[in-house]
Amino acid sequence: MAEAEVEAIEPVTADDETLWRALQEAHVPSLMCALVHLTGDLSILRGDIRPSAEFFGDPQAGITEPQQREIRQKAFDVLREWRDGRRSLAPAPTGEALKEMIDFIVGQPVQGDYVEFLQQELALHGEDPFAPPSFDDVPKERKQAFPVAVIGAGMSGILAAIRLEEAGIPHVVFEKNAGVGGTWFENTYPGCRVDSPNHTYSYSFAPKDWPQHFSAQEVLHQYFDATATVHDVKQRVRFETEVERLVWDESACAWTLHLRRADGSRETFQARAVIAAVGQLNRPRYPEEIDGYGSFAGPAFHSARWQHDVDLTGKRVGVIGTGASAFQFIPRVAEQAKSLTVFQRTPPWMSPTPEYHQAVPEGKHWLLNHVPYYGKWFRFWMFWMTSEGLLSMVSVDPDWDGLPRSVSAANDQLREMLTAYMRELCGGDEELARKVIPQYPPGAKRMLRDDGTYMRALQRDNVELVTDPIRRITPQGIETETGSYEFDVLIYGTGFQASRFLAPMDVIGRGGVEIHAQWSGDPRAYLGITVPNFPNLFMCYGPNTNIVVNGSIIFFSECEVRYILGCLRLLFDRKADALDVKREVHDAYNEQIDAANARMAWGASDVNAWYKNEKGRVTQNWPYTLLEFWQRTRRPNPEDFELIRR
């Protein structure tokens, strides 16, 4: 046991009634761990009241109602003593005691490298789990001679700017929009919200007491804007400035950025390194492959470019697509439109999430703000529940013969569970069930969070779900294989150009090679971060760094930025000017990625998904555990790179 470290929490002054009421909203496994901090009594975790690893769909992880009442009563007694000054924090658990607490809350023993990984993620003693290497001993003049350009002021760009500032490395952020926030700045369609639990969808160093379990776009934008403000990022951002072209200068070992400002004027900027934080989901994909695209006579727009001046009240509206964005805006449009016709190509699986649109209860806010270490354990449990805990359900069993419907016994069990849920929502409407229940394995396409809102919208009298293939778009509306439909407004919920990484920028590397020509429609990168022939060019959310069921993309960005700062530190340590990942290292890594993706539901299934490029290769997804990405990106291996000196 180490010396106790008190969290920055508010003192408990609430009366007994308020305290008891708040405890009714507690996540009991997290509360039990918090009680260990308040009592020092590990026996609280050693009895019959234990969470189960089979937690899917159960917010209390299998702890029964009588057991919950018992723990709440114990917590009530302990917290009253804490409030009244009759109890203080026990010494902070370390070593085997801490491991026992982690084993308890995840519902199973944690072995090997997971112990260190999860202890760092928990950050129980206020440590920075993604801290990059220190640059304090690097001479200031050396750092000042190494300016870095960051492209994009979204989630990853803000993070990169914060870490570069901490390191004392000069940098400029170029952002095509008028504000920070990236996707949360651009996507303002009705119903837009995050679909990762908000208590994990936040920077490790900037937790927030979120108003909802899955907060709306404006809340997310405020969070990233506020974080950028607190860390003085905005003063280093060149807004409304788009990077059109990047050119590597061999003699200078530097990148020249060709910029276009909002007024159309152009300039150049030279940087020793570039961090491309442009994301995967920032360029809308329009259905240009449909005959007649562009011929519709009325307003037609993409969900990511929502035209708020178009009043949908009383209008006949057609929507193409039922992906994540459409899933969110369709219920809102249905409330306004005279009629809404939804054209579906492939239905999504829906994951039961009763709290999806719910506010975090007042009692849970109280617990997060007042009970020592409760928030730490709650966020940690959410991290595990949405990460490694689900990966096995979408992994392929080579001996399983259930394709194309499932890839393993666990995946088939998940399928049955989700099917039963969706059938219940259909309320006996077999035609609707036939349309909305997928015929591909869960996990092969993006699974969508659901609390019944979407299915209720489809069952409205003014809504029709059409599964006939679209033949053409006409000035009046849409023709399918079997009918025609007239509309006043068309909305495209057709997703993004996810596989066109770094587009529409031209990126010219060593020997004049252009990155899109090198990729030839099949983007690849080492760790999703570096590409041969493009020295000192680093990507966040690059190829094969998307996650499907295991975790928050912010986790990946924090790993990536730590690794990128490690690469810069390597340059300073080796007195080199640039580094270029070795082709053989890059190629061997991507062979591993392809083989591993083939063993996941999204690789084994032939269903269409934005995870794949036009050639059918999975270019988006990370097929391993979060532990493996965390390990691979802790620090760069010098042997992976060619070091370049002027």
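These exercises, each with a worked solution, concern a predicted model.

**Exercise 1. The span of helix 14**

Check whether the end-to-end distance of helix 14 (residues 409-426) agrees with the expected span. Then find what covers its buried residues.

Solution.
- Start with the expectation. Helix 14 has 18 residues, and at 1.5 Å a residue they should span 26 Å. The span is taken as 1.5 Å times one less than the number of residues.
- Compare with the model. The end C-alpha atoms are 25 Å apart, so expectation and model agree.
- List the buried positions. They are Asn-411, Asp-412, Leu-414, Arg-415, Leu-418, Thr-419, Tyr-421, Met-422 and Cys-426.
- Look for the cover. It includes strand 11 (350-352) and strand 12 (448-450), along with helix 15 (430-436) and helix 16 (453-458).
- Step past the end. Gly-427 comes just after helix 14 and has a positive phi of about 60 degrees.

**Exercise 2. Cysteines and disulfides**

Determine how many disulfides the structure holds. Then explain why Cys-567 has no bond to its closest cysteine.

Solution.
- Count first. There are zero disulfides.
- Take Cys-540. It is in no disulfide, and the nearest cysteine sulfur, in Cys-559, lies 11 Å away.
- Take Cys-567. Its closest cysteine sulfur belongs to Cys-540, at 11 Å. The cut-off for a disulfide is 2.5 Å between sulfurs. The separation is therefore too far for a bond.
- Add the burial. Cys-540 has 3% relative accessibility, so it counts as buried. Cys-567 is at 0% and therefore counts as buried too.

**Exercise 3. A three-stranded sheet**

Work out the strand order and the edges of the sheet that contains strands 14, 15 and 16.

Solution.
- Read the order. The sheet is open, runs 14-15-16 and has antiparallel pairing.
- Find the edges. Strand 14 (470-473) and strand 16 (484-486) each pair on one side only, so they are the edge strands.
- Get the twist. Neighbouring strands are turned by 20 degrees against each other on average, with direction ignored.
- Inspect one pairing. Strand 14 and strand 15 (residues 477-480) are joined over three bridges. Ile-473 stands opposite Ile-478 of strand 15.

**Exercise 4. Aromatic pairs of helix 12**

Classify the ring pairs Trp-377 with Phe-380 and Phe-383 with Phe-555. State what each joins along the chain.

Solution.
- Note the total. The model has 39 aromatic pairs.
- Classify Trp-377 and Phe-380. Their centres are 5.9 Å apart and their planes meet at 85 degrees, which makes the pair edge-to-face.
- Place them. Both sit in helix 12 (residues 374-385), three residues apart, so about one helical turn separates them. Both are buried.
- Classify Phe-383 and Phe-555. With 5.8 Å between centres and 45 degrees between planes, this pair is tilted.
- Place this pair. Phe-383 lies in helix 12 and Phe-555 in helix 18 (residues 553-573), so the contact ties together parts 172 residues apart in sequence. Both residues are buried.
- Widen the view. Phe-383 and Phe-555 belong to one aromatic cluster, whose members include Tyr-114, Phe-117, Trp-622 and Trp-630.

**Exercise 5. The setting of Lys-208**

Locate Lys-208 and decide whether it is buried, exposed or partly exposed.

Solution.
- Locate it. Lys-208 is in the loop between helix 8 (183-186) and helix 9 (217-230).
- Judge exposure. Its relative accessible area is 34%, so Lys-208 is partly exposed.
- Find its contacts. Leaving out residues up to four places away in sequence, Lys-208 touches His-199, Val-219 and Tyr-223.

Notes:
Residues numbered from 1 in each chain as written. Predicted model: local features only at pLDDT ≥ 70, side-chain atom pairs only at ≥ 80, totals over all residues. Heavy atoms only, no water. Helix = DSSP H or I, 4+ residues; strand = E, 2+ residues; numbered from the N terminus. Buried < 20%, exposed > 50% of the residue type's maximum accessible area, 1.4 Å probe, protein only. Contact = heavy atoms within 4.5 Å. Pairing = 2+ DSSP bridges. Axes fitted to C-alpha atoms, helices over the stretch in contact; angles between N-to-C directions. Phe/Tyr/Trp six-rings, centres within 6.5 Å; stacked < 30°, edge-to-face > 60°.
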